[in-house]
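Trainee: I'm new to this one and would like to look closely at a single part before anything else. Could you pick one spot, walk me through it, and then show me what lies around it?

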Amino acid sequence: MASAPLRLIPAPIKFGTDGWRGVLGVDITVERLLPVAAAAAQELAHRAPDGLNSRTVIIGFDRRFLAPELAEAIANAVRGCELEPLLTETPVPTPACSWAVVERKALGALVITASHNPPEWLGLKIKGPFGGSVEGDFTASVERRLAAGGITPPIAATTSRFDGRGEHLEGLRRKLDLTALVTGLKAMNLKVFVDPMHGSAAGCVSDLLGPEASELVDEIRSTRDPLFGGHPPEPLAPYLSDLITAVQHSTAAGTPAVGLVFDGDGDRIAAVDENGRFCSTQLLMPLLIDHLARARQLPGTVVKTVSGSDLMRLVAEAQDREVLELAVGFKYIASEMLTGEVLIGGEESGGVGFGMHLPERDALFAAMLVLEALVEGGQPLGRRLDALQRRHSGASHYDRLDLRLPDMEARRRLETLLASSTPQEVAGAAVVEVNTTDGIKLRMGASHWLMLRFSGTEPLLRLYCEAPDRDRVRAVLAWAKRYAEAA
């Protein structure tokens, strides 16, 4: 199959929900990246909280093509701002940079990564002194600095390095009883397959669980491959055939298994149950809510995005927990974590954070807690989830469809139509509630809804659906696709 034609004109430098990303060699070049890194570093120094006297900026990178080299380059940009860059020795999961910021009381972090985007992409994430992603007003200030000019030139010198990966893993060990976890996995005879999708979380689960778990853990796609096997390193079912097959074969041979998968920079998680069923955070979040609130009895509210499954709310309310429903984007969840007591917060796309940890997504920590929940319940993932659904609502099913519109004008027409003539019926079912927190969410009943949400920067419409059975999910998404294309 021929590749799509390469754009000849770079897109404007514009930050999205979590950083600036684009096509390497077109949007992301050394010439463009250096002033962005300098402006970000200057803004971190300018906004340093009272009492934070650090001049250190953590710099990390993932396994993408040229990521290590560009990380070294932006260290020079940070040094040009009269700040002190501290560079990771190896590729690291992005949460390792967040951990380093908090542990070392640094100004923040700059991470060279394009997360789950296609292989030809690269980008820059900015973490604040609290460890989480900076908000929109911060990145708007970075953009204004770039427009104003006057960015200091880079200064080449040898950059100090540190073991960011090892420090992160050691921090996780302090928060978990890994000896008990390994003992429990052995008692269950549960095999753990790990798929880091060739990304920077490779080897981390094995290192956490230690040599005593070597017979329990089997990792696939752990080598560095900047092409990620030809797919985006995003934890979605169509990209996980090898993991699904490995789990199914193990279970069929008499050893039940669970699959854990991480995106390219290790901040998103998904799983595969013993039967090969793909389990997004629509299912993992309810499991974690139940485990942390009921079994661990930890305090705090539950924060979900408007695209999250109704099961999250049902499980949380069964444990007498307040539930906050926010717009899509982990930055909104992180804001709640910084101002209130949060048990867990998560998105349908795989990002999960914990109030007892960081105001940021950390897929490795989430993975360990998933395993901990399975050991506590004494059941493999599929049986555990089925029991949880029966106890709270009965089965529900979920899927998402990303629909690319012809152009921005088609998007504007559809937005106008949805606002002026909101559908009163979806695929033969009456709409009983309309939610406009983010996009438009049309509810047809309990665990039965359709959400239409536009991308912030391109003519892309995301269609989300939860329904009582798979056939209904397919019917609703097909209806929504026809509706959008006819607008």
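**Starting at D27**

Mentor: Let's begin with one pair of atoms: a polar atom of the D27 side chain lies 2.7 Å from the backbone nitrogen of A11. Keep in mind that what you have on screen is a predicted model. Where does D27 sit along the chain? You'll find D27 in the loop between strand 1, residues 20-23, and helix 1, residues 30-46. Is D27 buried or exposed? The relative accessible area of D27 is 3%, and anything under 20% counts as buried, so D27 is buried. Leaving aside residues up to four places away in sequence, D27 touches R7, P10, A11, W20, G22 and R32. So A11 turns up twice: in that list of contacts, and as the residue whose backbone nitrogen is 2.7 Å from the D27 side chain.

Now follow strand 1 into a sheet. Six strands make up this open sheet, in the order 1-5-4-2-3-6, with mixed pairing. Strand 1 and strand 6 (160-162) are the edges; each has a single partner strand, so one side of each has no neighbour in the sheet. On average, neighbouring strands here are turned by 20 degrees against each other, if you ignore direction. Further along that order, look at strand 2 (residues 56-61) and strand 3 (residues 84-88): they pair in the parallel sense over four bridges. To see one pairing by eye, pick I58, whose bridge partner in strand 3 is L86.

Next, hop over to S98, a residue of helix 3, which covers residues 94-104. S98 has 0% relative accessibility, so S98 counts as buried. What does S98 touch, once residues up to four places away in sequence are set aside? The answer is K127, G131, L358 and E360. Also try P129: P129 and S98 are 31 residues apart along the chain, and their C-alpha atoms are separated by 8.5 Å.

There's another open sheet to find, this one with four strands in the order 13-12-14-15 and, again, mixed pairing. Strand 13 (323-326) and strand 15 (352-354) are the edge strands, each pairing on one side only. From one strand to the next, the twist averages 15 degrees. Strand 12, residues 301-305, pairs with strand 13 in the parallel sense, over four bridges. Within that pair, V303 stands opposite L324 of strand 13. Helix 9 (residues 281-295) packs on this sheet and touches strand 12, strand 14 (342-346) and strand 15. The direction of helix 9 makes about 175 degrees with the direction of strand 14.

Finally, zoom out to the whole chain. The secondary structure comes to 15 helices and 22 strands. For 487 residues, a compact globule would have a radius of gyration near 23 Å; the chain has 22 Å, which agrees. The C-alpha trace spans about 60 × 60 × 50 Å along its principal axes. D27 and S98 were both buried, and of the 487 residues 58% count as buried. Among contacts between residues at least 6 apart in sequence, 70% join residues at least 24 apart. As for the outside, the accessible surface comes to about 19400 Å², and 51% of that belongs to carbon and sulfur atoms.

Terms used: Residues numbered from 1 in each chain as written. Predicted model: local features only at pLDDT ≥ 70, side-chain atom pairs only at ≥ 80, totals over all residues. Heavy atoms only, no water. Helix = DSSP H or I, 4+ residues; strand = E, 2+ residues; numbered from the N terminus. Buried < 20%, exposed > 50% of the residue type's maximum accessible area, 1.4 Å probe, protein only. Contact = heavy atoms within 4.5 Å. Pairing = 2+ DSSP bridges. Axes fitted to C-alpha atoms, helices over the stretch in contact; angles between N-to-C directions. Polar contact = N/O pair within 3.5 Å; in protein donor to acceptor, adjacent residues only side chain to side chain. Rg over C-alpha atoms; globule rule 2.2 N^0.38 Å. Areas by Shrake-Rupley, 256 points an atom, 1.4 Å probe, with all protein chains shown as cover.
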